[in-house]
Amino acid sequence: MKNIYVGACFAIFTMIPGLARCADTQPTATTRSVSAVATELDRLLGTATAQSADNVTLLRRMSFDLTGRPPAASDVRDLAFENGPEAIARASEQMIASSDFADSFARYWRNAILSDRSSNRVNLAAGPLEDYVRQSVENSVGWDLIVRGFMTAQGSVADDGRTAVIFAAEGKPEDVAADMSRLFLGIQIQCAQCHDHPTDVWTRQQFHQLAAYFSRVAIRPDRSGDRRDFIVSVNDSPFAPRGQNDNRYVGQPEHRMPDLEHPDRDGEVMTPTFFVSTNNVELGTMDRVRRATIAAELTSADNVWFSRAIVNRMWTHYVGGGFYDAVDGLGSKYEAQQPAALELLCNEFVASGFDIKWLASVITATRAYRQVAASASSDTNPGPSVAVVRRLSGDEMYESLSAVIGAQSFGQLIGGRAMNREPAAMAGVGMSGMGDSYAGVLPRLFFATAADLEGTTTEASVPGVLMLMNGPLVSRTLASPISLPSTTSRRYVDDARRVDAIYLKTLSRLPTPEQRDAALESIADSDTAVQGLEDVMWSLICGTEFGVRQ
Amino acid sequence: MNTLQLNRRTLLTATTVFAAGSLPWHHALRAAAPQIAASGKRCILLWMQGGPSQFETFDPKGHTEGKAIATQVAGVRFAESLPQLAGVSDRICLMRSVFSREGSHPRAQYLMHTGYAPMGGGTHPEIGAHVAWGLSSPDSEIPPNIRIQAGGGRGAGGGQGGPGAGPLGVRYEPLVVNDPASPPANTSLPVNEDRFQRRLRLLRANETLAPAAINAPGHLALVETASSLVLSPRLKTFDISDEPSSQREAYGTGKFGEGCLLARRLVEAGTPFVEVVLGNWDTHEDNGNRTSVLCDELDRPAANLILDLDQRGLLDSTLVVWMGEFGRSPKVNGRGGRDHFPRAFSVWMAGCGVRGGQVIGKTSDDGSEIIDRPIAVNDLLRTIYRALGIDANRELHVGTRPLKVADTGTAVDEVF
């Protein structure tokens, strides 16, 4: 599968004259080691001497950030015998090398691309999108090539995850352009769709010139098979019927900027032009060349916004504070905090061949990342030198609950894991929008919007907390015989050991002596020991610590 | 004055009960706090999911299936399947000239709920979230934005109403009631109350005894809010079996009737926004019969809701709005259905200062065009906000970007 994606990218780029250099972004040796870059970043950020979090906290933090799930209880136990940064460095290396890293990075992008869409049909693209990103990262495909795949895709949405961004934007040139810019450059160029950008320099004309690269693309339903599918289709013919009711099944030869004064008129034809480089392609250019050209331009090492966007995004996700106030708040009028550190990390990231694993290694090696995390309650961006407590994403909550009783049993309990298969009814909630699956419902319960996946938030909701406290998911988890340490097995000599085991499973740490006593007291107060243990686990699952990574 | 300080302080006030911690920094809303909660104004949105035919409801024409009947208002006729609503037409302000450009269900549902076309990367708050933000009182145990799924099926065109609260925050997300005859999800205790209390005691103890302060404030307060809701006597507000049988009969026994009755109970208890969803209006086939069946579900409950609110002295402060995402085509297709038609459709309002007994706007004889007083979606939303005393020009700052409650439009003066 991987070779198909990568092969296709190369096939396209090597065919276009003048773009061969861009195709040559295979990972190359960086000039400096990971630790050297991390040290330099800490020097620039002033975090070199920040107090480091303890190893047990760090293990849980890194485990969520790099693998999307809590650490195994056995790993916590092992680490308890070893102090110092070496153990953490080793753990981080193993996590980034694991398939879980690629998997959690893929889920992050699934959420960033597909959440907050008005139609829940976008869920069709979830599985293929995750496959594409996961396989690309596992095979060390650079971020530039991954993004070019999204920009140049065509064909079946169900078969090829590269189609996901265009599909999510319904194949409409304006929406595709807006999403490509927002997701991969961090620039909200679509604010210039109807008028010149209110808070930046971009003009309405520049927005529609970007849309013009995607004019020949459309989405049409594919009814040929027995499954539901859509096709990202290309039309290079000059004959293209206009759609009805804004439904557009066939691409148009050229994009026209609507005439705001006279909406009934056709509007001015736009020459595809990239607002960053101001390069363009001629009218009449074939779709393949048009999109390959913008893909190469947008992901080029010369385009500073492309590396800044992903560096700021991953930094914000891992550390908490960001270089910019929002992952899509970049632009010529928005100043970055700590620009020297940003520039250093961007340059080294480009030199690494846009290597996502390298980026994760460097960020998690900094003291900025490893320091004691600050409260998430600030209402301004604390900046890149501050680590912030982060509430778990819906996926991470899912994995945490799953870890309590083991993935296999959890899968049986809720019936499958993929995004489309889990009904919201299992969570016992009905939520608005696209939330008909677990992965859709949980983020909506715990977060205001997908944007929160990329930042820090302490927000949960009343329905979300009710789901944990009273919902069938947690009730069934507690009632499952595998969740609780056995009251008959010889493995646990007494309730104190059972309480310890519950803490390790849920919070990746042992209780304090006072917490252990409180738990034992509550158990003694219960009708049966099993009920008492269930209540201990309930109190931890519904508590603050279970829902955050510190 | 420093706007951020103002924001912090007012947030603290607003979150004493719905304390979900402070807003994340990139969603910080530098806007004035709710000032008008004391107005006591409320809104019930009767949302017709799928896009109802204007021809077989409130704008009958020569080609309409079924007859038209006279109403309380001279010269104004409704479809014959709406006799009860015809009987309260003196309280209704009907707009027959609403239009948009969105002909796909999810996009049009989004537009009608927010005033914005959908755009990747963020959600615009829906009407209910703005109303809840502006009109909720901090001491209510009942969430301020409730959405009741009340029959007709949900299949029509995907989506289930509006997109939620977006940057306004989860406090204003709709609490969805999937069945008006049952309490909201997860509000029944899975264990007896003694044991639930023991669990809560242990949870509180764990938080106090945690080895280091967990830098994520607000969660415990949220647990307290949620548990006070499930332990609250006010949870009974959701229990329509409390109502005398005369009331149950007046609203009818259908799901939509139960939904309207529950909506009345909720606004009476002070809930600022309730949306009652009646689905299945997407009549691409057999439009005449299907619309007639849906009108039967709609007619008595909606009319009785207006009368009941009036009798209780609540109609002056409660705005009732009836709308769907678009209308249906003048042309009947080969399957006896009507297709999507956003170019001209009907919406009505009643209560809260709205002048009833009038029709605003007019469509051509075949219904294909607006020939008088076109009303854009944002004109409509601004009219709703004006009735409720909410400033539609208020700007939210989402990160660095300003976002108005309603970006464009002018309220329709004649409504009042």
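A crossing of two helices is called right-handed if the near helix is turned clockwise from the far one by less than a right angle. With that in hand, welcome to a predicted model, shown here in a series of close-up views.

**View 1. Helices H4 and H6 of chain A cross in the right-handed sense.**
Helix H4 covers residues 55-67 of chain A, and helix H6 covers residues 85-97 of chain A. Their axes come within 10 Å and cross at roughly 15 degrees. Angles under 35 degrees count as roughly parallel, and H4(A) and H6(A) are therefore roughly parallel to each other. On the H4(A) side, look for Asn55(A), Leu58(A), Leu59(A), Met62(A), Ser63(A), Leu66(A) and Thr67(A). They meet Ala87(A), Ile88(A), Ala91(A), Ser92(A), Met95(A) and Ile96(A) of H6(A). Sorted by class, this contact has nine nonpolar and four polar residues, with no charged residues. If you wonder about the spacing along a helix, an α-helix has 3.6 residues a turn, so residues three or four places apart point the same way.

**View 2. Gly68 of chain A sits in the loop between H4 and helix H5 of chain A.**
Helix H5 spans residues 73-79. Is Gly68(A) buried or exposed? Gly68(A) is buried, because 22 other C-beta atoms lie within 10 Å, and 20 or more are needed for a residue to count as buried. Which residues touch Gly68(A), once its neighbours within four places in sequence are left aside? The contacts are Asp100(A), Asp103(A), Ser104(A), Arg107(A), Asp395(A), Glu396(A) and Glu399(A). You can also find Tyr398(A) in this view: its C-alpha atom is separated from that of Gly68(A) by 9.7 Å, although the two residues are 330 residues apart along the chain.

**View 3. Helices H7 and H8 of chain A cross at roughly 135 degrees.**
Here the axes of H7(A), residues 99-114, and H8(A), residues 126-138, come within 8 Å. That angle makes H7(A) oblique to H8(A). The crossing of these two helices is right-handed. H7(A) brings Ser99(A), Ala102(A), Asp103(A), Phe105(A), Ala106(A), Arg107(A), Trp109(A), Arg110(A), Ile113(A) and Leu114(A) to the contact. From H8(A) come Ala126(A), Leu129(A), Glu130(A), Val133(A), Arg134(A), Val137(A) and Glu138(A). By class, the contact holds 10 nonpolar residues, one polar residue and six charged residues. Two of the names may look familiar from the previous view: Asp103(A) and Arg107(A) are among the contacts of Gly68(A).

**View 4. Three strands of chain A form an open sheet in the order S1-S3-S2.**
The pairing in this sheet is antiparallel. Which strands lie at the edges? The edge strands are S1 (155-156) and S2 (217-222) of chain A, each of which pairs on one side only. S2(A) is joined by six bridges to S3(A), residues 229-234, and these two strands run antiparallel. To trace the pairing yourself, find Pro221(A) and its bridge partner Phe230(A) in S3(A).

**View 5. Helix H22 of chain A is mostly covered.**
How many of the nine residues of H22(A), which runs from 462 to 470, are buried? The count is nine of nine. In sequence order you will meet Val462(A), Pro463(A), Gly464(A), Val465(A), Leu466(A), Met467(A), Leu468(A), Met469(A) and Asn470(A), buried residues of this helix. For context, 58% of the 550 residues of chain A count as buried. The chain comprises 26 helices and seven strands.

**View 6. Strand S4 of chain B is mostly covered and has eight buried residues out of eight.**
S4(B) spans residues 92-99. With strand S11(B), residues 345-350, S4(B) runs antiparallel and shares five bridges. Val98(B) has Phe345(B) of S11(B) as its bridge partner. With strand S12(B), residues 358-360, S4(B) runs parallel over three bridges, and here Met95(B) stands opposite Ile360(B). S4(B) also pairs with strand S15(B), residues 375-376, in the parallel sense over two bridges. In that pairing, Phe99(B) is the partner of Ala376(B).

**View 7. Chain B contains 10 helices and 17 strands.**
Buried residues account for 58% of its 416 residues. Among contacts in chain B between residues at least 6 apart in sequence, 76% join residues at least 24 apart. The corresponding share for chain A is 67%.

Methods
Residues numbered from 1 in each chain as written. Chains lettered and ligands numbered in written order. Predicted model: local features only at pLDDT ≥ 70, side-chain atom pairs only at ≥ 80, totals over all residues. Axes fitted to C-alpha atoms, helices over the stretch in contact; angles between N-to-C directions. Helix = DSSP H or I, 4+ residues; strand = E, 2+ residues; numbered from the N terminus. Parallel < 35°, antiparallel > 145°, perpendicular 65-115°, else oblique. Contact = placed C-beta atoms within 7 Å. Nonpolar A, V, L, I, M, F, W, Y, C, P; charged D, E, K, R; others polar. Buried ≥ 20, exposed ≤ 12 C-beta atoms within 10 Å, placed from the backbone. Pairing = 2+ DSSP bridges.
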